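Student: Could you help me learn to read salt bridges and surface patches in a protein model?
Tutor: Happily! Let's look at the structure together.

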Amino acid sequence: NIPLNKLFTIEDSSELNDFFRLIENDFLQQESLYLEKMSATLQLLLIMISRSFNKLTDTYKIDPFTSDKFFKLRMHILSNLGYNWNLSNMAKLANLSNSQFYNYYSYIFKQSPKADLIDARLEHSKYLLTHSSLQVNEIAKKIGYSNASQYIRLFKKRYGKSPKQYAKGLRRD
């Protein structure tokens with residue numbers, strides 16, 4: 001009962017790590033019937049994912065239309081990181097009040113819209129630091145920060161070093 005081409009979150013991602021660890025151990029040790037055990041573990045993983053998805057839609061009765069709408073909206077937001085997003089313009093895109101939008105978004109994606117946006121911006125900036133020759137202030141603007149010092153502060157808080165230090169560390173390796 002796992003729908004195709006639908007994104008969703010799993011409440012406790014540490015469970016995923018446990019499943020993959022079991023599968024990896026079975027593969028490496030290759031004891032008798034290891035393929036069958038790996039298959040059974042994979043089936044359990046799929047059951048957990050199915051239950052997680054069904055729990056998401058059953059608990060709050062989020063209809064498929066609303067769920068699809070939020071996944072598409074999230075993709076739009078995260079595909080346009082340079083735009084000056086705030087809760088009001090996100091909610092307006094969804095035709096919801098700020099509080100309704102915030103509650104739906106937080107429930108579906110397990111974090112606030114702002115936290116999700118910051119995560120995506122910082123991850124994309126790491127990619128740009130690694131794969132482009134853009135300066136830090138150019139990257140800040142490209143991912144939606146008009147103030148480079150705000151971006152640098154957030155980056156340093158998250159990764160323990162400034163974007164410039166991060167980029168230099170990659171070039172040395």
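Tutor: Let's begin with the rule: a salt bridge is a side-chain nitrogen of Lys or Arg within 4 Å of a carboxyl oxygen of Asp or Glu. Keep in mind that this is a predicted model.

Student: How many salt bridges does that rule give here?
Tutor: The count comes to 5. One of them joins Lys37 and Asp26, whose closest N and O atoms are 3.4 Å apart. Lys37 belongs to helix α2 and Asp26 to helix α1, so this pair links distant parts of the chain, 11 residues apart.

Student: Are Lys37 and Asp26 buried or exposed?
Tutor: Buried means under 20% relative accessible area, and partly exposed lies between that and 50%. Asp26, at 10%, therefore counts as buried, while Lys37, at 46%, is partly exposed.

Student: Which parts does the salt bridge of Arg158 and Asp119 tie together?
Tutor: Their side chains meet at 2.8 Å, N to O. Arg158 sits in helix α8 and Asp119 in helix α6, so the bridge ties together parts 39 residues apart in sequence. Arg158 is partly exposed at 41%, and Asp119 is partly exposed at 23%.

Student: Where do Glu123 and Lys126 lie?
Tutor: Both are in helix α6, 3 residues apart, or about one turn of the helix. Their salt bridge has its closest N and O atoms 3.7 Å apart.

Student: And which residues make the nonpolar surface patch?
Tutor: Ile2, Leu42 and Leu46 make a patch of about 230 Å². Ile2 lies in the segment before α1 and is partly exposed, with a relative accessible area of 33%.

Terms used: Residues are numbered from 1 along each chain as its sequence is written. This is a predicted model: local features need pLDDT of at least 70, side-chain atom pairs count only at pLDDT 80 or more; totals for chains, interfaces and linings use all residues. Side-chain values use heavy atoms; hydrogens and water are left out. Patches are made of residues with over 30% relative accessible area and no salt bridge: like charges are joined within 9 Å, nonpolar side chains (Val, Leu, Ile, Met, Phe, Trp, Tyr) within 5 Å. Accessible areas come from the Shrake-Rupley method with a 1.4 Å probe; for residues, only the protein chains shown count as cover. Helices (H or I, at least four residues) and strands (E, at least two) are DSSP runs, numbered from the N terminus. Buried means under 20% relative accessible area, exposed over 50%, partly exposed in between (1.4 Å probe, protein chains only).
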